[in-house]
Amino acid sequence: MWMIHDESDHIDNILLTWSPPIVVFRVKLMDMPTDATKRIGLFEQLLRLNASDMVSGAYGIEGNAIVATETLQTENLDFNEFQAAIDGLTLALTEHYPQLRTYHTASTS
């Protein structure tokens, strides 16, 4: 397990877990909102983003957190694929977080 900090893109805490034969990249976006209406809206937005913008990664729920994940096979993994996974998560979070943070409330941080 490793933690990646990408200061140049202001992405922090990408968790990398190696569980042969896969490597999983995971980053926490936020805690789920406690307000049911906000939660439903957030879930709908995440599903839309999964269908339209998340080519190989996905948004999901882990415990009480909204996370973005990317999974790669390790057998023939090279540096370019590794970097592309990080770049894909970074791009998605950079582009999507302004929309998603509207569902975040101070009481759920």
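1. Setting aside residues up to four places away in sequence, Leu-100 touches Leu-29, Met-30, Leu-42, Gln-45, Leu-46, Leu-49 and Tyr-59. The model under review is a predicted one, and in it Leu-100 is found in helix 2, where the residue is buried with a relative accessible area of 0%. One of these contact partners, Leu-46, is 54 residues away along the chain, yet the C-alpha atoms of Leu-46 and Leu-100 are separated by 8.2 Å.

2. Leu-100 also belongs to the largest nonpolar core, a set of 24 residues in which Phe-25, Leu-29, Tyr-59 and Leu-100 have the most contacts. Two or more residues of this core come from each of strand 2, strand 3, helix 1 (36-52), strand 5 and helix 2 (79-100), and helix 2 gives the most, with 6 residues. As general background, nonpolar side chains tend to be buried together in soluble globular proteins.

3. Tyr-59 deserves a separate entry. Beyond its neighbours up to four places away in sequence, Tyr-59 touches Leu-29, Leu-46, Leu-49, Asn-50, Met-54, Val-67, Ala-68, Ala-92, Leu-93, His-96 and Leu-100. Leu-29, Leu-46 and Leu-49 are thus named among the contacts of Tyr-59 and also among those of Leu-100.

4. The residue I would ask a colleague to look at with care is Glu-70, which is placed in strand 5 (residues 65-73). Glu-70 is buried yet has no salt bridge, and the nearest side chain of opposite charge, that of Arg-26, is 14 Å away. A polar atom of the Glu-70 side chain does, however, lie 3.4 Å from the backbone nitrogen of Gly-57. With neighbours within four places in sequence left aside, Glu-70 is in contact with Val-23, Val-24, Phe-25, Ser-56, Gly-57, Ala-85 and Leu-89; Phe-25 in this list is one of the core residues named above for having the most contacts.

5. A point on backbone geometry concerns the peptide bond from Pro-20 to Pro-21, which is cis, with omega near 15 degrees. Pro-21 lies in the loop between strand 2 (11-19) and strand 3 (22-31), and both of these strands give two or more residues to the core described in the second point.

6. For the chain as a whole, the secondary structure comes to 2 helices and 5 strands, in the order β-β-β-α-β-β-α from the N terminus on. Buried residues make up 37% of the 109 residues, and of the contacts with a separation of 6 or more, 62% are between residues 24 or more positions apart. The accessible surface comes to about 6,700 Å², of which 55% belongs to carbon and sulfur atoms.

How values were computed: Residues are numbered from 1 along each chain as its sequence is written. This is a predicted model: local features need pLDDT of at least 70, side-chain atom pairs count only at pLDDT 80 or more; totals for chains, interfaces and linings use all residues. Side-chain values use heavy atoms; hydrogens and water are left out. Helices (H or I, at least four residues) and strands (E, at least two) are DSSP runs, numbered from the N terminus. Buried means under 20% relative accessible area, exposed over 50%, partly exposed in between (1.4 Å probe, protein chains only). Lys and Arg count as positive and Asp and Glu as negative; His and the chain ends are not counted. A salt bridge is a side-chain nitrogen of Lys or Arg within 4 Å of a carboxyl oxygen of Asp or Glu. A polar contact is a pair of N or O atoms within 3.5 Å; within protein, one must be able to donate a hydrogen and the other to accept it, and residues adjacent in sequence count only if both atoms are side-chain atoms. Contact means heavy atoms within 4.5 Å. Accessible areas come from the Shrake-Rupley method with a 1.4 Å probe; for residues, only the protein chains shown count as cover. A nonpolar core is a set of buried Ala, Val, Leu, Ile, Met, Phe, Trp, Tyr and Cys residues joined through side-chain atoms within 4.5 Å.
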